[in-house]
Amino acid sequence: MANDSASHKYYLYDPSQAAAAIFTILFLLDSLFHIFQLIRTRTWYFVALIIGALLECIGYAARFQNARQNPDYTLGPFIVQTILILVAPSLIAATIYMILGRIILATDGERYSFIKKKWLTKIFVVSDVISFLILATGAFAHMLALESLAERN
Amino acid sequence: MLTGDHPNITLGERLILVGLFAQIAAFGIFILVAVLFHKRLHSHPTSTSMTMERLWKKHMYTLYFVSSLIMIRSVVRVVEYLQGSGGYIMSHEEFLYIFDATLMLIAVVTFNVVHPSEIIPGKGMSNVEMS
């Protein structure tokens, strides 16, 4: 069956429903808690991290959907879970870069940072966006390759 | 066993590796900038930093901790894609949940607990801790 060989390309094991469900819920709860903290404290630079946590949540939800389909996985959730779980940490990293900038300003210690605060955040956030885009493109290209490989078999 | 003529590594996977290496490099430089700043501020405190030494150090250590988690995660991902499809990591689901899901969850939860809203540029740091 063509479908059989296709689905075997996606997962090399039986993906766990329970694990995917648990992390979907945990990342959702954490995002909600972060949104609450953001609104309460007006720390807007947490938007990046929150989007990251939400991408993790959606990624594991898609993985849960795949796990339920075992063994007849569909491509859509597979692409979603692969790409989102891969790129989400870049968004968490973006918030980390902004936090250092704020510590430097708050301690009045800009002269001790060998990259000026103005540039610091920009340089790291831009490099972060670039690696994010490369990762997303790569993951997408990889999915296409897997799919055509599966179709050929 | 590395890339080379490994037939199982697609162009997409090579791009993913480039993206992961870029991320690891940026993180390495970031940690270097952070540690240097930390050391200099520690040995020559500013009048502002002296009033909140415990606080700024707490947030720096939090940054190191979370950065390490993302670093470990990215390194494991690099090894995963170097091994390619059918490699040990890709064929064992527990790696995803231990080195990605769990580490990233700890990363975001850490910022719930130690929330940087205490850091207020221009006003120093508030002493009000998030409850």
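This is a short walk through a two-chain structure, and the model is a predicted one.

I'll start with chain B as a whole. Chain B has four helices and zero strands, and along the sequence that reads α-α-α-α. There are 131 residues in chain B, and 52% of them are buried. About 6,000 Å² of chain B is exposed, with 68% of that area coming from carbon and sulfur atoms. On contacts, take those in chain B between residues at least 6 apart in sequence: 67% of them join residues at least 24 apart.

Now one position in chain B. B:Val66 sits in helix H3, which covers residues 53-83 of chain B. Is B:Val66 buried or exposed? Its relative accessibility is 0%, so B:Val66 counts as buried. What does B:Val66 contact, leaving aside neighbours within four places in sequence? The partners are B:Ala107, B:Thr110 and B:Phe111, plus A:Ile96 from the other chain. There is also a pairing by distance: B:Val66 and B:Val109 are 43 residues apart in sequence, while their C-alpha atoms are 9.9 Å apart in space.

B:Phe111 leads to the aromatic pairs. Over all chains, the search of the whole structure finds 21 of them. One of these is A:Phe46 with B:Phe111: the ring centres are 5.9 Å apart and the planes stand at 80°, so the pair is edge-to-face. Why does this pair join two chains? A:Phe46 lies in the loop between helix H2 (17-41) and helix H3 (47-69) of chain A, and B:Phe111 lies in helix H4 (residues 93-113) of chain B, so the two rings belong to two chains. Both ends are covered. A:Phe46 has a relative accessible area of 0% and is buried; B:Phe111, at 1%, counts as buried as well.

Elsewhere in chain A, ring pairs link A:Tyr10, A:Tyr11, A:Tyr13, A:Tyr73 and A:Phe78 into a cluster. A:Trp119 has a charged neighbour: A:Lys122 lies over its face, 5.5 Å from the ring centre.

Next, two helices of chain A, beginning with H2. With 25 residues at 1.5 Å a residue, H2(A) should span 36 Å, and the end C-alpha atoms are 36 Å apart, which agrees. The buried residues of H2(A) include A:Phe23, A:Phe27, A:Asp30, A:His34 and A:Gln37. Which elements cover them? The cover includes H3 of chain A together with H4 of chain B. A general point on helices fits here: an α-helix has 3.6 residues a turn, so residues three or four places apart point the same way.

Then helix H4 of chain A, residues 75-106. For its 32 residues, 1.5 Å a residue gives an expected span of 46 Å; the end C-alpha atoms are 48 Å apart, which agrees. H4(A) is mostly covered, with 26 of its 32 residues buried. Where does H4(A) bend? The bend is at A:Ile85, by about 25°, and the proline A:Pro89 follows within four residues.

That leaves the loops of chain A, and some backbone details. Between H2 and H3 there is A:Arg42, which is not a glycine but has a positive phi, near 55°. The relative accessible area of A:Arg42 is 63%, so A:Arg42 is exposed. Between H3 and H4 there is A:Pro71. The peptide bond from A:Asn70 to A:Pro71 is cis, with omega near 5°. Following H4(A) comes A:Asp108, in the loop between H4 and helix H5 (117-152). A:Asp108 is another residue other than glycine with a positive phi, of about 65°. At a relative accessible area of 44%, A:Asp108 is partly exposed.

Last, back to chain B, at its start. B:Thr10 lies in the segment before helix H1 (11-43) of chain B. Which residues does B:Thr10 touch, not counting those up to four places away in sequence? They are A:His142 and A:Ala145. Within chain B, B:Thr10 and B:Gly84 are 74 residues apart in sequence, and their C-alpha atoms are 8.4 Å apart in space.

Note on methods
Residues are numbered from 1 along each chain as its sequence is written. Chains are lettered from A and ligands numbered from 1 in the order in which they are written. This is a predicted model: local features need pLDDT of at least 70, side-chain atom pairs count only at pLDDT 80 or more; totals for chains, interfaces and linings use all residues. Side-chain values use heavy atoms; hydrogens and water are left out. Buried means under 20% relative accessible area, exposed over 50%, partly exposed in between (1.4 Å probe, protein chains only). Contact means heavy atoms within 4.5 Å. Accessible areas come from the Shrake-Rupley method with a 1.4 Å probe; for residues, only the protein chains shown count as cover. The expected span of a helix is 1.5 Å times one less than its number of residues. The bend at a residue is the angle between axes fitted to the seven residues ending there and the seven starting there. Rings of Phe, Tyr and Trp (its six-membered ring) pair if their centres lie within 6.5 Å; planes under 30 degrees apart count as stacked, over 60 as edge-to-face and the rest as tilted. A charge sits over a ring if NZ of Lys or CZ of Arg is within 6 Å of the ring centre and within 35 degrees of the ring normal.
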